[in-house]
Amino acid sequence: MEEPLKKQTPRYILAGELRREYIILPDRKAILDVPGGNLIYSAVGLGVWDLSTPPGMVARVGEDYQQEWLESFTERGVDIRGIKVLPEAVDLRSFFAYTDQATRANDDPVPHFARIGHPFPKSLLGYTKKDSTPDNRTKLKMTSLRQNDFIPDYLQATAAHICGIDFLSHSLLPALLRQNGFTTVTLSPSPGYMNPNFREDIPSLVTGLTAFIPSEEEVSYLFHGSGSDLWEMMEELSSYGCEIVVLKCGERGQLLYDSATHNRWEIPPYPAKVVDPTGVGDAFCGGFLVGYRKTFDPLEAVLYGNISSSLVIEGQGPFYAMDVLPGLPEARLKALRQTVRKI
């Protein structure tokens, strides 16, 4: 009897959350109970550029998370061995509504469904917004990641991106990865701790990162009352011991600060047709990780991430970007290089 083929050790590891998403798109179309979450969008942003080895995914889900969704991830070329299915149900519902192409609301879903004249879905009954309270410094959530969530094979990789999870997960994971020989670790913060109450905790989270990738809104809120110059905020974050700071600025693209050279760059978004903005920031992070490992150039890494975002935003659902015409990402990358501006 032939032995089963051994899984390849992943080149990249992605850690984050999987969700069941309910979305009202900018065109008022309702998308109900579909797979999503920052982890899968990061994997797609990465996969746009490199699926030579399936990226390893690390997350926790409940026993009620649909098995066919996990199987579909495997079919799309990702390694799900690091997704831990807990022996209990876990509420992973997320709701957001786009009131226009740039504005996303995640408050009470009832009026949003009334606004578009759509019956309220029974599967959203009892839903409460997940990020309405600050993170807890001492109590783990069901979806918080632990050291033993990383299977030994995953710890043979050398590059990882940590999506927005929670404060305790982010306190643990970068050090764990560095101790196991990871030389590239990027991180997107959680909105649950990007506020002034956690300001003194941020240096210990950022120290040693290859890249810290928050949104403009998150950084502005973290430094609330301490000035309004984004470049000064980015320099301060970098001074905590982080090589690269990238701000995701929505319709304005990205800002990049490289601590080694002190260079500042503005990168506009690639002009894409907006269909579904869900997950574009996470797709950016996946593309950034690949771009950095391919070139070790911070600006090129941002360009890779920017193009990943442009492909995700043009279709509904995370996997749309995996089906674009061959050569399209590279063609967009070449065009985008001509538009960057050094400050």
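In this predicted model, Gly117 sits in the loop that links helix 3 (109-115) to strand 8 (159-162). With a relative accessibility of 63%, Gly117 counts as exposed. Its C-alpha atom lies 9.3 Å from that of Arg28, although the two residues are 89 residues apart along the chain. Arg28 belongs to another loop, the one between strand 2 (19-24) and strand 3 (30-36). At 44% relative accessibility, Arg28 is classed as partly exposed, since that class covers values between 20% and 50%. The backbone of Arg28 also deserves a look: its phi is positive, about 75°, although the residue is not a glycine. Most residues other than glycine have a negative phi.

A positive phi turns up again at Phe296, with a value of about 55°, and this residue is not a glycine either. Phe296 follows helix 8 and is found in the loop between helix 8 and helix 9.

Helix 8 itself covers residues 280-295. Its 16 residues should span 22 Å at 1.5 Å a residue, and the end C-alpha atoms are indeed 22 Å apart, so the expected and modelled lengths agree. The buried residues of helix 8 form an unbroken run in the list: Asp282, Ala283, Phe284, Cys285, Gly286, Gly287, Phe288, Leu289, Val290, Gly291 and Tyr292. Helix 1 (residues 38-47) is mostly covered as well, with 10 of its 10 residues buried; among them are Asn38, Tyr41, Ser42 and Gly47.

Where does the interior of the model gather its nonpolar side chains? The largest nonpolar core has 50 residues, and Leu18, Phe73 and Phe288 have the most contacts inside it. Helix 9 (residues 298-312) supplies the largest share of this core, 8 residues. A second, separate core holds 42 residues, including Leu145, Leu209, Val219 and Trp231. Returning to Phe288, its neighbours beyond four places in sequence are Thr186, Ala211, Ile213, Ile244, Val246, Pro298, Ala301, Val302 and Gly305.

Two packed helices are described by the angle between their axes and the distance between the axes. For helix 8 and helix 9, the angle is about 145° and the axes are 6 Å apart. Their crossing is right-handed. On the helix 8 side the contact includes Ala283, Phe284, Gly287, Phe288 and Gly291, while helix 9 contributes residues including Pro298, Ala301, Val302, Gly305 and Asn306.

Helix 9 also packs against helix 10 (residues 328-337), with axes that come within 9 Å and cross at roughly 125°. This angle makes helix 9 oblique to helix 10. Here too the crossing is right-handed. The contact is made by Glu300, Leu303, Tyr304, Asn306, Ile307, Ser310 and Leu311 of helix 9, together with Leu328, Pro329, Arg332, Leu333, Leu336 and Arg337 of helix 10.

Asn306, a residue of helix 9, takes part in the contact with helix 8 and in the contact with helix 10. Is Asn306 buried or exposed? Its relative accessible area is 2%, so Asn306 is buried, the cut-off being under 20%. Leaving aside residues up to four places away in sequence, Asn306 touches Gln254, Ile267, Pro268, Pro269, Tyr270, Phe284 and Leu336. Of these, Phe284 is listed on the helix 8 side of the contact with helix 9, and Leu336 is listed on the helix 10 side of its contact with helix 9.

Terms used:
Residues are numbered from 1 along each chain as its sequence is written. This is a predicted model: local features need pLDDT of at least 70, side-chain atom pairs count only at pLDDT 80 or more; totals for chains, interfaces and linings use all residues. Side-chain values use heavy atoms; hydrogens and water are left out. A nonpolar core is a set of buried Ala, Val, Leu, Ile, Met, Phe, Trp, Tyr and Cys residues joined through side-chain atoms within 4.5 Å. Buried means under 20% relative accessible area, exposed over 50%, partly exposed in between (1.4 Å probe, protein chains only). Helices (H or I, at least four residues) and strands (E, at least two) are DSSP runs, numbered from the N terminus. Contact means heavy atoms within 4.5 Å. The expected span of a helix is 1.5 Å times one less than its number of residues. Axes are lines fitted to C-alpha atoms, for helices over the stretch in contact, and angles run from 0 to 180 degrees between N-to-C directions. Angles under 35 degrees count as roughly parallel, over 145 as roughly antiparallel, 65 to 115 as roughly perpendicular and the rest as oblique. A crossing is left-handed if the near helix is turned anticlockwise from the far one by less than a right angle, and right-handed if clockwise.
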